[in-house]
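Student: Could you take me closely through the ligand site of this protein, and then through the sheet around which the rest of the picture can be built?

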Amino acid sequence: MEAELNRFAEEAAEKIAQCSTPNDILNARAQFLGKKSMLNGLFARLRELPAEERPAFGQLINTARGKLESLLASREQEIKSATWEAQAAVDFDSSMPGYSWQRGSFHPVSIVRRQIEEVFLGMGFEIAEGPEIEDEFHNFDALNTPADHPSRNLADTFYLQSGKLLRTQTSTVQIRVMESFKPPIRIISPGRCYRNDKPDPSHSPVFQQVEALVVDRGISMSDLQDTLQNFARAMFGPQVKSRIRPHFFPFTEPSAEMDISCVNCSGAGCRVCKNSGWLEMGGAGMVDPAVFKMVGIDPEIYTGFAFGLGIERIAMLKYDIPDMRILFENDIRMLAQFKGESL
Ligand code: DAH
């Protein structure tokens with residue numbers, strides 16, 4: 001039996017040395033070490049030997065198996081590197097230029113969002129976040145929005161089957177912050193909002209806002225104006241002016257709209273400001289006492305201001321992008337202009 005084993009091992013070693021493809025190796029492995037291999041057969045025949053010889057012979061079989069395994073592995077490695085070398089000899093031309101990787105860039109909306117954050121962090125604000133999937137309470141009820149307000153319509157708001165909705169404004173975060181923290185509060189909250197709007201030059205069903213909320217004793221409309229003015233200067237340059245005009249929002253009283261002097265013509269009138277000299281920036285106002293009551297803040301003690309800005313609008317003004325849809329098409333030629341700009 002031992003002679004048989006030796007003959008088998010010799011033959012197998014020879015055949016393995018002759019293998020020339022990975023497939024040969026596969027077959028050889030099956031043939032010499034597989035279930036139906038002679039080696040396995042010998043194992044089964046151990047019984048034929050006298051009991052005292054069995055362990056020694058079992059040992060011999062195992063040694064033979066180990067040898068064959070390592071022969072297979074090293075032959076396999078030889079074949080692999082030979083194939084690689086052969087291919088490299090044909091394909092590799094060290095004088096060819098390499099592939100160059102295109103460097104990515106930050107999206108202008110991300111760049112502007114980060115700049116806005118920096119400006120407000122510099123004014124002592126903190127950054128708050130809230131969920132994009134919201135409930136009616138945080139998106140409407142707590143913001144003092146009447147049950148029949150048009151913004152609640154299916155035509156304006158994306159409702160989910162769960163009864164929740166995609167937030168239509170970052171004002172939701174005002175509520176979440178006031179539910180969890182006591183004044184003094186000074187936060188901004190940038191983030192995505194969703195509205196059932198058809199894309200056009202100034203609308204998109206997904207867009208970003210940044211909300212600001214300041215609550216403390218003695219906060220007044222002049223704090224709002226001051227913050228707005230500081231922000232406008234930091235974002236667009238020291239020459240920029242700002243103003244507020246009366247408006248209406250359910251969650252502020254009084255409410256206002258915020259404008260800055262046109263960054264293109266400095267107020268003289270041009271196509272960007274439609275000859276008005278002013279650019280609308282967003283909504284603002286003094287937090288309505290009804291909202292304070294919803295979140296358990298005493299309006300007799302505290303006052304506050306809030307505002308909401310559209311981030312895409314600011315990006316479009318800063319980078320002279322005429323159509324909001326350009327921001328979502330991600331045309332690489334547009335994005336390439338922002339190469340090298342850091343967040
Ligand atoms: N949430 C409003 C909107 O999406 C914008 C806004 C107006 C936010 C007035 C405010 C505010 O915080 O006080 O149109």
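Tutor:

**The ligand site and its sheet**

A polar side-chain atom of Glu 211 is placed 2.6 Å from an oxygen atom of the ligand, a polar contact being a pair of N or O atoms within 3.5 Å, where within protein one must be able to donate a hydrogen and the other to accept it, and residues adjacent in sequence count only if both atoms are side-chain atoms. The model is predicted, and local features need pLDDT of at least 70, side-chain atom pairs count only at pLDDT 80 or more, while totals for chains, interfaces and linings use all residues. Residues are numbered from 1 along each chain as its sequence is written, and side-chain values use heavy atoms, with hydrogens and water left out.

An N or O atom in the side chain of Arg 195 lies 2.7 Å from an oxygen atom of the ligand, and a nitrogen atom of the ligand is 2.8 Å from a polar side-chain atom of Gln 169. Of the 350 Å² of accessible area that the ligand has on its own, the protein covers 91% (areas come from the Shrake-Rupley method with a 1.4 Å probe; for residues, only the protein chains shown count as cover). Helix H7 (171-180) and the strands E5 (206-216), E8 (278-287) and E9 (303-310) are the elements that each give two or more residues to the shell around the ligand; helices (H or I, at least four residues) and strands (E, at least two) are DSSP runs, numbered from the N terminus.

In total 15 residues surround the ligand, and the closest are Gln 169, Ser 171, Arg 195, Gln 209 and Glu 211, where a residue is near a molecule or strand if one of its heavy atoms lies within 4 Å of it. By class, the shell holds five nonpolar, eight polar and two charged residues, with Ala, Val, Leu, Ile, Met, Phe, Trp, Tyr, Cys and Pro counted as nonpolar, Asp, Glu, Lys and Arg as charged, and the others, Gly among them, as polar.

As for the sheet, seven strands form an open one with mixed pairing, in the order E1-E4-E5-E9-E8-E7-E6, and two strands pair if DSSP finds at least two bridges between them. Its edges are strand E1 (126-127) and strand E6 (242-249), each of which pairs on one side only. E8 and E9 run antiparallel and are joined by five bridges, and Met 286 stands opposite Phe 305 in E9.

Two helices lie across this sheet: H5 (residues 108-122) crosses E1, strand E4 (185-194), E5 and E9, at about 165° to E4, whereas H10 (residues 311-319) crosses E4, E5, E8 and E9, at about 55° to E9. For these angles, axes are lines fitted to C-alpha atoms, for helices over the stretch in contact, and angles run from 0 to 180 degrees between N-to-C directions.

At the E6 edge, this strand pairs in the antiparallel sense with strand E7 (residues 252-261) over seven bridges, and a hairpin of two residues joins E6 to E7. His 247 has Ser 255 in E7 as its bridge partner. Ser 242, found in strand E6, makes a side-chain polar contact of 2.6 Å with the side chain of Gln 229. Leaving aside residues up to four places away in sequence, Ser 242 touches Gln 225, Leu 228, Gln 229, Asp 259, Ile 260 and Trp 278, contact meaning heavy atoms within 4.5 Å.
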